[in-house]
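Below are some notes for a colleague who is meeting this structure for the first time. They are best read with the model open alongside.

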Amino acid sequence: MTSEKPVRILLCDDHVVVRAGLLALLGSADGIEVVGEAGSGEEAVATAAKLRPDVVLMDLQLGPGIDGVEATRRIASPDVHVLVLTTYDTDADITRAIEAGATGYLLKAERPEELFSAIRSAAQGRTTLSAPVASRVMDRMRGAAGPSLTDRERDILAQLAQGLGNREIARALFISEATVKTHLGRIYAKLGVDTRAGAVAVAKEKRLLP
């Protein structure tokens with residue numbers, strides 16, 4: 001027997017059968033107590049304000065009325081954490097939910113043990129993402145960080161930004177003009193451009209210049 005207080009849960013899903021299944025599942029978990037349930041976004045907001053649960057398990061698609069993202073935005077606070085539990089894993093859904101304040105994002109295909117662990121983590125304010133969701137988030141972050149350039153390519157890009165020609169870049173970096181042209185071709189391909197001006201513009205936009 002544990003002396004710790006159980007994590008208090010509010011379920012929000014517009015499907016009665018899904019809620020019943022979750023109630024049965026969570027009832028078998030140590031240290032987790034379902035204190036309420038809601039079938040719509042509006043009901044979840046009102047119930048969360050009344051019960052002040054530790055964690056709200058939130059579906060995204062809730063039928064008529066406000067959706068799970070808007071409900072999350074209204075509920076999420078330092079004391080009430082929202083853990084999205086849904087079948088949807090599109091980039092748009094993930095981004096909207098996280099920006100709305102969701103502490104975690106799980107898919108309904110997760111194993112029970114992973115759900116229980118995620119609930120306990122969410123209660124402590126720790127982020128938990130399903131593996132496919134985490135992979136999508138990382139891919140987006142890598143894309144936002146810009147293309148991967150080698151140190152030499154960055155050197156040449158910096159010279160390019162100063163308005164130097166191929167011969168001047170070759171002299172400055174002690175390499176041949178042919179080597180400069182080869183590197184420029186790779187830089188253009190990575191940045192998706194075909195001119196020197198275009199390369200400099202994209203490099204500035206993605207903060208690739210020193």
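**Notes on the sheet, the spaces and some single residues**

1. In strand β3, the bridge partner of Ile9 is Val55. Ile9 belongs to strand β1, which spans residues 7–12, and β1 pairs with β3 (residues 55–58) in the parallel sense over four bridges; two strands are said to pair if DSSP finds at least two bridges between them. Helices (H or I, at least four residues) and strands (E, at least two) are DSSP runs, numbered from the N terminus.

2. This is a predicted model, in which local features need pLDDT of at least 70 and side-chain atom pairs count only at pLDDT 80 or more, while totals for chains, interfaces and linings use all residues. Residues are numbered from 1 along each chain as its sequence is written, and side-chain values use heavy atoms, with hydrogens and water left out.

3. The sheet is open and has six strands in the order β2-β1-β3-β4-β5-β6, with parallel pairing. Strands β2 and β6 (128–129) stand at the edges with a single partner strand each, so one side of each has no neighbour in the sheet. At the β6 edge, the partner is β5 (residues 104–107), joined in the parallel sense over two bridges, and Gly104 has Thr128 as its bridge partner.

4. At the other edge, β1 and β2 (residues 32–38) pair in the parallel sense over six bridges, and within this pairing Leu11 is matched with Glu37. Together with helix α1 (residues 16–27), these two strands make a right-handed β-α-β unit, where right-handed means that, with the strands pointing away from the viewer, the path from the first strand over the helix to the second runs clockwise. Strand β1 is mostly covered, five of its six residues being buried (buried is under 20% relative accessible area, exposed over 50%, and partly exposed in between, with a 1.4 Å probe and protein chains only).

5. Asp13 lies in the loop between β1 and α1 and counts as buried because its relative accessibility is 3%. Its side chain is joined to that of Lys108 by a polar contact of 2.8 Å; such a contact is a pair of N or O atoms within 3.5 Å, where within protein one must be able to donate a hydrogen and the other to accept it, and residues adjacent in sequence count only if both atoms are side-chain atoms.

6. Asp13 and Lys108 are also among the residues that line the largest cavity, as are Cys12, Leu22 and Leu57. The volume of this cavity is about 40 Å³. On a 1 Å grid over the protein atoms alone, a cavity is a set of points where a 1.4 Å probe fits but cannot get out, and a pocket is an open set with protein on both sides within 12 Å along at least five of seven lines; lining residues have an atom within 4 Å of a point. Grid points are joined across faces, edges and corners, and a volume is the space filled by probe spheres set on the points.

7. The largest pocket holds about 240 Å³ of space and is lined by eleven residues, of which Glu4, Lys5, Pro6, Val7 and Gly31 lie nearest its centre. Gly31 is 89 residues from Arg120 in sequence, yet 8.5 Å from it in space, C-alpha to C-alpha. Arg120 lies in helix α5 (residues 112–123).

8. Phe174, in the loop between α8 (166–173) and α9 (177–191), has a phi near 55°, a positive value in a residue other than glycine. Phe174 counts as exposed, at 77% relative accessibility.
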